[in-house]
Amino acid sequence: MDEIKVPDLGGFEGVEVIEISVSAGDSVEVDDAIIVVETDKATMEIPAPAAGKITALKVAEGDKVSEGDVVALMELADAGTPKVVEAADVKEELIETPSNVSTEPEALSTPAASTPAPSLAAVEQQVLVPDLGGFSDVEVIEVSAEVGQQLEEEDTLLVLETDKATMEIPAPISGELFSIKVSEGDKVSEGDLIAVMKGSADVSQVQSGSASTSAGQNAVERNSEEKVKVQSPSADSSIDKTKAQLSSAVSVAVNTEATNGASDKVYAGPAVRKLAREFGVSLAEVTNTIGASGPRNRVLQEDIQNYVKHRLNAAPQQTSGAGGGMGIEPIPEVDFSRFGNVRQEPLSRIQKISSQHLHRCWLNVPHVTQFDEIDITDLEDFRKSVNKEGTYDTKLTLLPFLVKAVQKVLAEMPRFNASLAPDGETLIVKEYYNIGVAVDTDQGLMVPVVKNVDTKSVLNIAADCMQYALQARDGKLKPDALQGSCFSISSLGGIGGTQFTPIVNAPEVAILGVSKASIKPIWQDDGWQPRLILPVALSYDHRVIDGVLAAKFTTRLKQLLEDSRHLLL
Ligand code: CAO
């Protein structure tokens, strides 16, 4: 068992734990954030020193920690991995983490030594990338101000991000942003010129004469006013410097999202910001829509997740409810209470999910439905006699025969056992036979999947169907039971109806709808015979399947079920 300790925090003591990023039992990779601590100027992730499993957490949000405090216990994944959990090891990483801005005026020169320096002088200041604690080629993830903008000292100019920290580079003086030399996505290293500002500085407070030239190669032209040029300090490699940098110039993870100004502050750590970028989510929008649930209004990972869920839920409501979609005019909202009493019944989670899915399928798949009628008189006689004999434990309904017959047809016509690739240019043909069976539950429609039907007997399939139907109705279906379907069957035969047009369960390309069998007079052997006729409807994706193939499918299905001995072959 190894301890993860707080590293050297650059001299800070009693730093607040603002986020616990893992739970006991979580597996972590090396460098995954364990906790996040925050001073008033910097937010730092304390990372896992090696891959392994967190066995216990020793701190809680709101706790104050100092160097050497134990944060968590972990079991290393590789027992042979050298221990890298000593504070010093982590420290190195941490000290690299919070980068710094060294744009504070350290030395000024005046062009005319004899001219008495005014207490306030026009200042043209180059803003250089500070010591990044050893990192180079760090990405500019935000340009937070615009050329011409009036900034206050400490307003954010840029945000840089390493994989461990997000660093805000603030304006070193108040004044106008004269030019900006980098764009989002650029990579910068220490000493790179990132911006030039024009403003005024109280020169009486700074030393003169010690450094008289600009460090930047892109020096801007001076105007005719008396100017003072400011240069970033040279690198200094002590922990004291880190401390000073932390406490003065750097605001790590004090992030602005807006590119048009520094007023709308959004607080989030690097991992959260990365997640937001991966989802293409605006942190400001997350804050406005969901709120920021972390301490000091920090956006947390779950805020992003909740925001994404919110958007996913909202989008289909727009199309399936009152809102339009795909350029279709929305259905106008009606105040039904004008016509009588109404009540609101919220949809269940399953109803919401399936309504969104069905709507997507309906809009994305060009549907055609092929109808047919199958004489199942003999099959029903056989089924009933088997059930009556009671030879087998499993009760046979019509459904497992249908599943088996469909699988046989899929094997013969693999185009039905396929999905269209997202680019619409390739057909992905499956060489396994998993068949989804629609089950009606109190919570809504569910489609458990009978797997590897080709390897199962009708009785095995019947047992699977029964088990899944019971589990679905008890809400006990495991996620795996709902995945991997190649083709679906929706049977309303136990209920009634003469036909219906099922919606293809995309990305599958066809679905069989089964209605209630009824006795019909059929002309047979020169006479009318009472036969049990099963109405079926095959809906298919017309991009993949043409009408001829669909008619062949139902014809072959009919053949197999009308003489069920074929199912044995
Ligand atoms: N014609 C006539 N009788 C039929 C029949 C059909 N097409 N299909 C089933 N039956 C009979 C069964 O054989 C059984 O009769 P017995 O008791 O005499 O043996 C009886 O109806 C009840 O069957 P069942 O519904 O319990 O079992 P099943 O295997 O046929 O179906 C299941 C199981 C889970 C598919 C079904 O219960 C169900 O939930 N159907 C609804 C599917 C659904 O919601 N589809 C969505 C449509 S789109 O929203």
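Which residue stands opposite K520 in β33? I shall return to that pair after an overview of the structure, which is a predicted model.

Let me begin with the protein as a whole. It has 10 helices and 33 strands. Of its 569 residues, 45% are buried. If one takes the contacts between residues at least 6 apart in sequence, 66% of them join residues at least 24 apart. The exposed area of the protein is about 28,500 Å², and carbon and sulfur atoms supply 49% of that area.

I turn next to a sheet that includes the N-terminal strand β1. This sheet is open and has 4 strands, in the order β1-β8-β6-β3, with antiparallel pairing. Strands β1 (2-5) and β3 (27-28) stand at the edges; each has a single partner strand, and therefore one side of each is left without a neighbour in the sheet. Within the sheet, β6, residues 52-57, pairs with β8, residues 70-76, in the antiparallel sense over 5 bridges. In this pairing, A56 stands opposite L73 of β8.

The ligand is my next subject. There are 21 residues around the ligand, and those that come nearest are T397, R473, S490, S515 and A517. By class, the shell consists of 10 nonpolar, 6 polar and 5 charged residues. Which elements supply at least two residues each to this shell? They are the helices α8 (398-412) and α9 (458-473), together with the strands β27 (439-441) and β30 (487-491).

Several polar side chains deserve mention here. For T397, a polar side-chain atom lies 2.6 Å from an oxygen atom of the ligand. K395 has an N or O atom in its side chain at 2.9 Å from an oxygen atom of the ligand. In the case of S490, an N or O atom of the side chain is 2.9 Å from a nitrogen atom of the ligand. As for cover, the ligand taken alone exposes 950 Å², of which the protein buries 69%.

Finally, I come back to the opening question. Strand β32, residues 518-524, and strand β33, residues 527-541, pair in the antiparallel sense over 7 bridges. The residue opposite K520 is R531 in β33. The two strands form a hairpin with 2 residues between them, and in that hairpin D525 takes a positive phi near 50°.

To close, two items may be kept in view on the model. One is the ligand shell, with T397 and S490 among the residues that come nearest. The other is the β32 and β33 hairpin, where K520 stands opposite R531.

Key. Residues are numbered from 1 along each chain as its sequence is written. This is a predicted model: local features need pLDDT of at least 70, side-chain atom pairs count only at pLDDT 80 or more; totals for chains, interfaces and linings use all residues. Side-chain values use heavy atoms; hydrogens and water are left out. Two strands pair if DSSP finds at least two bridges between them. Buried means under 20% relative accessible area, exposed over 50%, partly exposed in between (1.4 Å probe, protein chains only). Contact means heavy atoms within 4.5 Å. Accessible areas come from the Shrake-Rupley method with a 1.4 Å probe; for residues, only the protein chains shown count as cover. A residue is near a molecule or strand if one of its heavy atoms lies within 4 Å of it. A polar contact is a pair of N or O atoms within 3.5 Å; within protein, one must be able to donate a hydrogen and the other to accept it, and residues adjacent in sequence count only if both atoms are side-chain atoms. Ala, Val, Leu, Ile, Met, Phe, Trp, Tyr, Cys and Pro count as nonpolar, Asp, Glu, Lys and Arg as charged, and the others, Gly among them, as polar.
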